[in-house]
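Me: Please give me a close look at one loop residue and the helices around it. Afterwards, please set that part against the rest of the chain.

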Amino acid sequence: MECCWPAADQLDLIASKLFDLCAWNGQVDIAKVVLKAYDVADALMVHRVAQECRDRWTFDMPCIALCTTEAGKLSRVLNRTLTPVTHAALPVAAAPVAQRFGGTAVASLTDLDAVDVVVGTIPAAAGFVLPEHLLSKHVIVMDAAYKPAITPLLAQAHAHGAVCIQGYEMLVEQGLEQSKLWTHEAVAKEVLASQVKATLAASDVLH
């Protein structure tokens, strides 16, 4: 379960209440809270509150504690589930994950000479884009965000001729797998895709 909150007042209290709400008395698999960071301290706070909630709860519940905006980038380093943002602490925190997949953690995307595939998981509102030298028609760029359908990352990639996979397309594939897991029945991909695509304007579809 996931909750988002944009308010600045009493952010720590709000974060605690949101984690309690998301945890649903242990009836869900994971609790995720995303807050808008107004200061770097907010990123530290949401990480602290998540740990305090886990210590207080009578059940074991994994927590994802994240903040948006430039000030909130540190939260993505502190959080166990890392996303591709640039932060000085990222190589140290990401090293175990990179090692598991045979990769290398870098402090900045500008340190990379080239990429083959890019998977974006940052909210579109963050305005994340890649260094220009990494993009070409040979690069595949996927963005999990689907509101808006064309994120800043996808718009940039499309302008450079890269192969783009939009968030709604990833959502369809996720839905197909979830249907199998939850109902043990397969849904026709064309049916699900047509329903999802029908919610988009023609200008929102890159291909």
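Reply: Two residues are in contact when heavy atoms of theirs lie within 4.5 Å. The model is predicted, so local features need pLDDT of at least 70 and side-chain atom pairs count only at pLDDT 80 or more, while totals for chains, interfaces and linings use all residues. Residues are numbered from 1 along each chain as its sequence is written, and side-chain values use heavy atoms, with hydrogens and water left out.

The residue in question is tyrosine 146, found in the loop that runs from strand 5 (140–143) to helix 5 (152–159); helices (H or I, at least four residues) and strands (E, at least two) are DSSP runs, numbered from the N terminus. Leaving aside residues up to four places away in sequence, tyrosine 146 touches Gly167, Tyr168 and Leu171. With a relative accessible area of 40%, tyrosine 146 is partly exposed, a class between buried (under 20%) and exposed (over 50%), for a 1.4 Å probe and protein chains only. Its C-alpha atom is separated by 8.8 Å from that of proline 123, which is 23 residues away along the chain.

Tyr168 also takes part in a helix contact. Helix 6 (residues 167–183) packs against helix 7 (residues 189–197) at an angle of about 140°, and their axes are 10 Å apart; axes are lines fitted to C-alpha atoms, for helices over the stretch in contact, and angles run from 0 to 180 degrees between N-to-C directions. The angle therefore makes helix 6 oblique to helix 7, the class left over once angles under 35 degrees (roughly parallel), over 145 (roughly antiparallel) and 65 to 115 (roughly perpendicular) are set aside. The crossing of helix 6 with helix 7 is right-handed. Helix 6 contributes Tyr168, Val172, Glu173, Gly175 and Leu176 to the contact, and helix 7 contributes Lys189, Leu192, Ala193, Val196 and Lys197. These residues divide into six nonpolar, one polar and three charged.

Helix 5, on the other side of the loop of tyrosine 146 from strand 5, contains glutamine 156. Glutamine 156 counts as buried because its relative accessibility is 9%. Beyond residues up to four places away in sequence, glutamine 156 touches Val129, Leu130, Glu132 and Leu135.

A second helix pair is formed by helix 1 (residues 11–23) and helix 2 (residues 40–56), which pack at about 45° with axes 9 Å apart. Helix 1 and helix 2 are therefore oblique to each other, and helix 1 passes helix 2 in a right-handed crossing. Residues of helix 1 in this contact include Phe19 and Asp20, and those of helix 2 include Met45 and Arg48. The contact of helix 1 with helix 2 comprises eight nonpolar, one polar and five charged residues.

Aspartate 39 sits in the loop between strand 2 (31–36) and helix 2. Aspartate 39 is partly exposed, at a relative accessible area of 44%. The C-alpha atoms of aspartate 39 and glutamate 70 are separated by 8.8 Å, although their positions lie 31 residues apart along the chain.

As for the whole, the chain holds seven helices and six strands, in the order β-α-β-α-β-α-α-β-β-α-β-α-α along the sequence. Of its 207 residues, 37% count as buried. Among contacts with a separation of 6 or more, 51% join residues 24 or more positions apart.

How values were computed. Left-handed = near helix turned anticlockwise from the far one by under 90°. Nonpolar A, V, L, I, M, F, W, Y, C, P; charged D, E, K, R; others polar.
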